[in-house]
Each structure stands twice: as C-alpha cells, then as structure tokens.
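Subject: A structure to look at

Hello,

Here is the structure I promised to pass on to you. Please open it and keep it beside you while you read the notes below.

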Amino acid sequence: MGCSKVWEFVVRSPEETRALAERLAACLKGGEVIAFTGGMGAGKTAFTRGLAIGLGAGDVASSPTFAIVNEYPGQINLAHFDMYRIESWEDLESTGFFDYLNGDWVVAVEWSENIEAALPEQVIKVDIRQGEGEEERRITISAPQSLNL
C-alpha cells in the first residue's frame, strides 16, 4: 500500500468507539474507502455509527447484513457495506460497490477481507479486536500518509 501511518487506540465502551470514529470522520473529504476487519460483535457497526454522526448524517447507522448496503446522506454521504456473504466477483458487482468508488461518497466496508482484491490502494484500514474486558476494544487504524488523525 505504499507509505502509511498507523494509530493504535484502546476504547472501553461503544460510546468511545463512536467518538473515535467521529474524530476520523472530521478528517475525511469524500472519496475515501474504510475497510473494517474484526470478528462478529467487535464494534464495526458502532464505529460506522460514529462515522455517520461525524459526516452529518446523524445517529442512523445499523448493520447492513441483509441489505448489503445502507446509504446515509449527510454533509458527506456515507455508503455502509456488509461483505460477509460476498463469495465471488459476480456477488460483489451485484452489490453496486464499484458505483460508489471515485465519487463523493465515503465507503465503509465491513468484512473487507472478503473483497480485499477489489479494494483501492489508498484504503483506510480499521481493525477492531476484543480487549481485556467485555467492553474493551483495541482499534488499529492504518491510513495513507496524507491523513492526519
């Protein structure tokens, strides 16, 4: 991916996760792709909720598991994808994913490891792992050098 910066955070509640995501949202201009990794219940949707709030869409984000994509219009529009069930290039094309790239949308992708080959080079990676307590999460954000978090 070329040169990138890496930040590591420990959060202890869904509210802290959302606040961190709002901080990231303040750095976005539109056109970015955010690729999430982390297991079920890690906090990917909570993070996306914070992105939506920070991008001016409000507290509207929910898991797009059955819809595949949810759109949240805001000052900067957010497209929230769940790629958990995507198994082929044809599946991916049918989601409309490529229509959101190179535009004004911020694209948040849960289960991004399922479409890794399709992700753009300048992706922002957000890995969320269980921490020491039930609520604690370790969040690692890797982003292009141009992003200042």
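Below is what I found in it, starting with the whole chain and then moving to the strands.

Please keep in mind that this is a predicted model.

The overall picture

The protein chain holds three helices and seven strands. If you trace the chain from the N terminus, the elements come in the order β-α-β-α-β-β-α-β-β-β. The C-alpha trace spans about 40 × 30 × 30 Å along its principal axes. A compact globule of 149 residues would have a radius of gyration near 15 Å, and the 14 Å of the protein chain agrees with that. Half of the chain is tucked away, with 50% of the 149 residues counted as buried. Among contacts with a separation of 6 or more, 61% are made by residues 24 or more positions apart.

On the outside, the protein chain exposes about 7400 Å², and carbon and sulfur atoms supply 46% of that area. As for charge, there are 12 positive and 23 negative side chains, and the centres of these two sets lie 7 Å apart.

Strand E5

A good place to begin in the model is strand E5, residues 106–110. Five of its five residues are buried, so E5 is largely enclosed by the rest of the structure. Which way do the residues of E5 point? Val-106, Ala-108 and Glu-110 point one way, while Val-107 and Val-109 point the other way, and all are buried.

E5 has parallel partners in E2 and E4. Strand E2 (residues 33–37) is joined to E5 by three bridges, and in that pairing Val-33 stands opposite Val-107. Strand E4 (residues 78–82) runs parallel to E5 as well, joined to it by five bridges; here Ala-108 of E5 is the bridge partner of His-80.

On to E6 and E7

E2 also pairs with strand E6 (residues 124–130), in the parallel sense and over four bridges. Within this pairing, Ala-35 has Lys-125 of E6 as its bridge partner. Lys-125 is a handy residue to follow further, since it also stands opposite Ser-142 in E7.

How do E6 and strand E7 (residues 137–144) run relative to each other, parallel or antiparallel? They run antiparallel, with six bridges joining them. A hairpin of six residues links E6 to E7.

I hope you enjoy exploring it!

Best wishes

Key
Residues numbered from 1 in each chain as written. Predicted model: local features only at pLDDT ≥ 70, side-chain atom pairs only at ≥ 80, totals over all residues. Heavy atoms only, no water. Helix = DSSP H or I, 4+ residues; strand = E, 2+ residues; numbered from the N terminus. Rg over C-alpha atoms; globule rule 2.2 N^0.38 Å. Buried < 20%, exposed > 50% of the residue type's maximum accessible area, 1.4 Å probe, protein only. Contact = heavy atoms within 4.5 Å. Areas by Shrake-Rupley, 256 points an atom, 1.4 Å probe, with all protein chains shown as cover. Lys, Arg positive; Asp, Glu negative; His and termini not counted. Charge placed at Lys NZ, Arg CZ, Asp CG, Glu CD. Pairing = 2+ DSSP bridges.
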